[in-house]
Amino acid sequence: MTNYQIEETTKIFKALSDPTRFKIFLLLNSRIFCVNGIVNFLQISQPAVSQHLKILREAGLVKIEKKGYWVHYSSNKEKIDRFLKDFPATLKLKWVINMSKKVNKIECKYSERLKGKPDECTPEQIKKCHGDISEKNHPCVSKKEIKKSN
């Protein structure tokens, strides 16, 4: 996943994190509205609706269609469908695992010194440095040591 994809995903979550914006998004997902229609439906000010629509547009969740003097808003169903289709895979990406390994290596200050002595790591140190893992998966334990203990 690229930085651009991460930023796009974050933008969508930020846009939908506000309850009023989420309501507007749900309205637009059901049908086309103009600003005044949303104002009347939600009973909030026109400037507030316009600001919320701007954020939803910037996240790519809303499309605009001008018809004469009127601007009609609808949800960007293609982007939403693509996001919903791709998001489960995003949660399982291997790069996240690799990224966490890099972070763990940076935080683990004594992994070389403690190699072969995992019993010297406190459970708190293990959890901080390596996440919630069993002693068998402890990176300070070599594969040979695991075989010897079995």
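**Entry 1. Terms and starting point**

I count two residues as in contact when heavy atoms of theirs lie within 4.5 Å. I note at the outset that this is a predicted model.

With that definition I looked up I44. It touches T20, V39 and V49, leaving aside residues up to four places away in sequence. I44 sits in the loop between α3 and α4. I then checked the separation from T20: the two residues are 24 apart along the chain, and their C-alpha atoms are separated by 9.3 Å. Is I44 buried, partly exposed or exposed? I find a relative accessible area of 25%, so I44 is partly exposed, given that buried requires under 20% and exposed over 50%.

**Entry 2. The chain as a whole**

I listed the elements next. The chain holds 8 helices and 3 strands. Followed along the sequence, they give the pattern α-α-β-α-α-β-β-α-α-α-α.

I recorded the overall values as well. Of the 150 residues in the chain, 27% are buried. The exposed area is about 11,100 Å², and carbon and sulfur atoms supply 56% of it. Among contacts with a separation of 6 or more, 50% are between residues 24 or more positions apart.

**Entry 3. The sheet**

In what order do the strands of the sheet stand? I read the order as β1-β3-β2, in an open sheet of 3 strands with antiparallel pairing. β1 (33-34) and β2 (62-67) are at the edges; each has a single partner strand, so one side of each lacks a neighbour in the sheet.

I went on to the helix that packs on this sheet. Helix α2 (residues 19-30) touches β1, β2 and β3, and its direction makes about 95 degrees with that of β3.

I then took the strand pairs one by one. β2 pairs with β3 (residues 70-75) in the antiparallel sense over 6 bridges. Within this pair, I found V62 opposite S75, I64 with Y73 as its bridge partner, and K66 opposite V71. The two strands form a hairpin with 2 residues between them. In its turn, G68 has a positive phi of about 65 degrees.

β1 and β3 are also antiparallel, paired over 2 bridges. Here F33 stands opposite Y73. Y73 of β3 thus faces F33 and is also the bridge partner of I64.

As background, I note that strands of a sheet pair through backbone hydrogen bonds, either parallel or antiparallel.

**Entry 4. The nonpolar core**

Which residues have the most contacts inside the largest nonpolar core? I found L28, I38, L53, L56 and L61, in a core of 19 residues. The elements giving two or more residues to this core are α1 (3-17), α2, α3 (35-42), α4 (46-58) and α5 (77-91). The largest share, 4 residues, comes from α2.

I kept one general remark beside this: in soluble globular proteins, nonpolar side chains tend to be buried together.

I looked at L28 in detail. Leaving aside residues up to four places away in sequence, L28 touches F33, I38, L53, V62, Y73, S74 and S75. Two of these, F33 and Y73, are the residues found opposite each other in β1 and β3.

**Entry 5. I24 and the crossing of α2 and α4**

I24 lies in helix α2. It is buried, with a relative accessible area of 0%. Beyond four places in sequence, I24 touches I38, L42, H52, L53 and L56. I checked I38 in particular: 14 residues separate it from I24 along the chain, and the C-alpha atoms are 7.2 Å apart.

H52, L53 and L56 led me to helix α4. In α2, T20, R21, I24, F25 and L28 meet H52, L53, I55 and L56 of α4. How do the axes of these two helices cross? They come within 10 Å and cross at roughly 70 degrees. α2 and α4 are therefore roughly perpendicular to each other, as the range for that class runs from 65 to 115 degrees.

**Entry 6. Closing note**

I end with α2. This helix packs on the sheet, meets α4 and gives the largest share of the core.

Note on methods: Residues are numbered from 1 along each chain as its sequence is written. This is a predicted model: local features need pLDDT of at least 70, side-chain atom pairs count only at pLDDT 80 or more; totals for chains, interfaces and linings use all residues. Side-chain values use heavy atoms; hydrogens and water are left out. Two strands pair if DSSP finds at least two bridges between them. Axes are lines fitted to C-alpha atoms, for helices over the stretch in contact, and angles run from 0 to 180 degrees between N-to-C directions. A nonpolar core is a set of buried Ala, Val, Leu, Ile, Met, Phe, Trp, Tyr and Cys residues joined through side-chain atoms within 4.5 Å. Buried means under 20% relative accessible area, exposed over 50%, partly exposed in between (1.4 Å probe, protein chains only). Accessible areas come from the Shrake-Rupley method with a 1.4 Å probe; for residues, only the protein chains shown count as cover. Angles under 35 degrees count as roughly parallel, over 145 as roughly antiparallel, 65 to 115 as roughly perpendicular and the rest as oblique.
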